[in-house]
Structures are given as C-alpha cells and as structure tokens.
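Work through the exercises below with the sequence and the model at hand. Each task is followed by a worked solution.

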Amino acid sequence: MTNIRMKKLVLSALFLALALMLPFLTGQIPQVGSALLPMHLPVLLCGLICGGPWGLAVGFTAPLLRHLLLTTPPLIAAVPMAFELAAYGLVSGLIARCTRQNTAGTYLALVPAMLAGRAVWGVVRALMTFFTATEFSLALFLSGALLAAIPGIIVQLALIPILMAALRNAKLIPLQPSAPSAPAASPAWKK
C-alpha cells in the first residue's frame, strides 16, 4: 500500500469516526440535530480531501453503521441517508479532482454534491414507498430535503470552505505531493 493510499485510508477512518460521533453533540435536541446535519460535514470533507471513492464509502457506511451500533437514525431514515451521503462523498470528490484547489474550487465541488445528494435522497425515499408503508410526495421532499435542512446547508457552505482553506494553508492538503519539476537544464556554456 502506497503512502498516499495509507493516508487516505486513515483519514477516511477518521471521517467515519467523526460522522458517528458528531451527532452526539446535537443529539440531545433532535430538532437541532436533524437541522444541522452533523453527519454530512465529515462525508463532504472526506470526498474533498480523499477523493470520490473514499467519500462514497464513508458516506454509505456512516448512517448504516450508526444505526447498527446505536439504532439512530432509524432504519427508515438511515437507508436513504446512506445513499444521500454516498452521493455527497462521490460527487464532491470527483468534482474537486477537476477544479482548482482554492475556495472557489471548494464551492464548485460542494454545491453540486449537495444538490446531487438531496436528489438521490428524494429518489430513494420515493422508491422506499413501494416497499414500506410510508408516504412520500413532492411537498415532503421539499420539506425534508430543503426547508428543514436550511440551517445545516448554511453550516456546510460556511464551515467547509473555511476548513479546507485552513488545511491548505497548513499544507496538510492536497495529499498528493506536487509533481516533481523537470531538472533544470544546464547552461549551454557548461556542456
């Protein structure tokens, strides 16, 4: 296993642990926890820092593992959340790889990932109506995916670019070493 791959594995484990633990900070008040979306932050960071495949794995695993360990979120919420967070991690990582490593690039990766995740959540919730005795409509989608999540969306849009900028300034990311520059050509008079 290469050094870069090992770093990504360790960071992904850290982001998974954060996704499992952050809801404890807001879990005492369920309305606050569901509004601030604490599991989303580590998944988005994992996608941006480690890449799409790692973000997808952490995003899909986090809600299901949290459900298995703590029975929260309930399974009816954990399944669509797993697909939503997997989309967050994958899309943020894929787009981040194609954009500049600055604040604008972070937003260019973050916003489409958030939109894709919300859309995936809606599709999975709609499909679940065929297998469960739950109802789902456009009004419920707008309420659950957008209106109730506005505080969390604001936190994500404010906090993640700041964290990414701080990590870049501290030279902790990108994980890949910069490409070695070509050796300087010796002057013609030295030949």
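**Exercise 1. Find how many salt bridges the whole structure holds, and place the partners.**

Solution. Start with the search. Across the whole structure, one salt bridge turns up. The criterion is a side-chain nitrogen of Lys or Arg within 4 Å of a carboxyl oxygen of Asp or Glu. The partners are E84 and R118, with their closest N and O atoms 3.0 Å apart. Next, place them. E84 belongs to helix α5 (residues 75-98) and R118 to helix α6 (residues 103-128), so the pair ties together parts 34 residues apart in sequence. Helices here are DSSP runs of H or I with at least four residues, strands are E runs of at least two, and both are numbered from the N terminus. Last, check exposure. E84 is buried at 3% relative accessible area. R118 is also buried, at 8%. Buried means under 20% relative accessible area, exposed over 50%, and partly exposed in between, with a 1.4 Å probe and protein chains only.

Two notes on the source. This is a predicted model, where local features need pLDDT of at least 70 and side-chain atom pairs count only at pLDDT 80 or more, while totals for chains, interfaces and linings use all residues. Residues are numbered from 1 along each chain as its sequence is written, and side-chain values use heavy atoms, leaving out hydrogens and water.

**Exercise 2. Describe the surroundings of S12.**

Solution. Locate S12 in helix α1 (residues 3-26). Its relative accessibility is 5%, so S12 counts as buried. Now look at the side chain. A polar atom of the S12 side chain sits 2.8 Å from the backbone oxygen of K8. Then set aside neighbours within four places in sequence. S12 still touches C46, C50, W54 and V58, where contact means heavy atoms within 4.5 Å.

**Exercise 3. Which elements line the largest pocket?**

Solution. Take the volume: about 730 Å³. A pocket is an open set of points on a 1 Å grid over the protein atoms alone, where a 1.4 Å probe fits, with protein on both sides within 12 Å along at least five of seven lines; lining residues have an atom within 4 Å of a point. Of the 25 lining residues, G33, S34, P73, A77 and M81 are the closest to the centre. α1, α2 (30-36), α5 and α6 each give two or more residues to the lining. α5 gives the most, with five.

**Exercise 4. How many helices and strands does the protein chain have?**

Solution. Count eight helices and zero strands. Then take the extent. The C-alpha trace spans about 80 × 30 × 30 Å along its principal axes.

Methods. A polar contact is a pair of N or O atoms within 3.5 Å; within protein, one must be able to donate a hydrogen and the other to accept it, and residues adjacent in sequence count only if both atoms are side-chain atoms. Grid points are joined across faces, edges and corners, and a volume is the space filled by probe spheres set on the points.
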